[in-house]
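Here's a quick tour of how two chains meet, followed by a look at one hairpin. Have the viewer open while you read.

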There are 2 protein chains.
Amino acid sequence: MKAQRNTKQRQLILWIVSNRHDHPTAEQIYLEAKTKNKKISRSTVYRNLGILVAQGKIIQTKMPTSDHFEAVIKDHYHFVCSKCGAIFDTPLDYDSTINDSLAEKTGFVVTKHRTVFEGICAECLKKESK
Amino acid sequence: MKAQRNTKQRQLILWIVSNRHDHPTAEQIYLEAKTKNKKISRSTVYRNLGILVAQGKIIQTKMPTSDHFEAVIKDHYHFVCSKCGAIFDTPLDYDSTINDSLAEKTGFVVTKHRTVFEGICAECLKKESK
DNA sequence: ATGGGTGCAAAGTGTTTGCAAGTAT
DNA sequence: ATACTTGCAAACACTTTGCACCCAT
């Protein structure tokens, strides 16, 4: 791996992702970054998100319309509300045994898995019942 | 739900998705559709894929760069090779109990979950060891 | 000093949409 | 006959890239 710098922009982006817990998109991160650094560009945000993901410092999750980012905590699963689109971390334990189980059955190397639940969140359920 | 027709194009698209087992993208489906119907347009493919997904006849899975489609068989999980990008169905059983478990813990309505495994497929492992 | 990184604008992808004409029901 | 659907082209949203300048190491 080639030497990588630790620029102000990269630090800022990592800081933003680490300090919000709402799984922001690249655009949301860009908007917040701009409040701290008026000159920062979208490309810098996208590039650094990619680098930080490659470094294993943040996690990228595919969702309808665009990807969402979050700091690495420990492996966990997500829930997306199909009404409002909000994303939540689930309180379920990460089941690493199924990686091994799949590896055994297929002969593949299985490094991880991602699970996204779908349904309706408490907030939207409340609105519906009115 | 408003009345929906069953056009030749829609039938063709469903037929294509049902008859290949390689999880094609919209573009791949479009290309195959064009061999049977030279006039068909991309928009028709996209529109019908959306309708077929809404009808529950096919499944859409988010993957890097673009979505992939497949006929509904039964709930199952996918594996993506991080080397070659190939997608496979896994031989693992779908665990519906975790939906209930999450619903219980959160008070959300949980309709389903999707899991994607990541790693290196047998084919690529073979190449690597040379 | 040197080569990774930045900002800008332009170019790409993948997907959606407006509209007039076509067609399943 | 009605209104859903098509094909086309243009528009979109999100992301990537080329390039000259900049700055962390």
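The side chains of A:Arg114 and B:Glu118 join in a salt bridge, with 3.4 Å from N to O. Keep in mind that this is a predicted model. That pair isn't alone: the rule finds three salt bridges across the interface of chain A and chain B. On top of those charges, 11 residue pairs are in polar contact across the interface, both partners being at pLDDT 80 or more.

So much for the individual pairs; now the elements behind them. On the side of chain A that touches chain B, the elements giving two or more residues are helix 4 (97-106), strand 5 (109-120) and helix 5 (122-128) of chain A. Strand 5 of chain A gives the most, with 12 residues. Sorted by class, this side of chain A has 17 nonpolar, 10 polar and five charged residues.

What does strand 5 of chain A pair with in chain B? Its partner is strand 5 of chain B (residues 109-120), and the two run in the antiparallel sense over 11 bridges. Within that pairing, A:Glu118 stands opposite B:Lys112.

As for the overall contact, chain A puts in 32 residues and chain B puts in 32 residues. The area buried between the two chains is about 2600 Å², and carbon and sulfur atoms give 70% of that. If you want three residues to click on, try A:Leu102, A:Phe108 and A:Glu118: together they supply 23% of the area that chain A buries against chain B, more than any other three residues.

Away from strand 5, there's a hairpin in chain A worth a look. Here are the two strand pairings next to each other:

| Strand | Partner | Sense | Bridges |
|---|---|---|---|
| strand 5 of chain A | strand 5 of chain B | antiparallel | 11 bridges |
| strand 1 of chain A | strand 2 of chain A | antiparallel | five bridges |

In the hairpin of strand 1 and strand 2 of chain A, four residues sit between the strands, and A:Thr65 takes a positive phi near 75 degrees. Across the pairing, A:Ile59 has A:Glu70 of strand 2 as its bridge partner.

Is strand 2 of chain A (residues 67-71) mostly covered or mostly open? Mostly covered: five of its five residues are buried. In a regular strand, side chains alternate between the two faces of the sheet. Here both faces are covered, with A:Asp67, A:Phe69 and A:Ala71 buried on one side and A:His68 and A:Glu70 buried on the other.

Note on methods
Residues numbered from 1 in each chain as written. Chains lettered and ligands numbered in written order. Heavy atoms only, no water. Contact = heavy atoms within 4.5 Å. Buried area = accessible area lost by both parts, 1.4 Å probe. Salt bridge = Lys/Arg side-chain N within 4 Å of Asp/Glu carboxyl O. Polar contact = N/O pair within 3.5 Å; in protein donor to acceptor, adjacent residues only side chain to side chain. Nonpolar A, V, L, I, M, F, W, Y, C, P; charged D, E, K, R; others polar. Pairing = 2+ DSSP bridges. Buried < 20%, exposed > 50% of the residue type's maximum accessible area, 1.4 Å probe, protein only.
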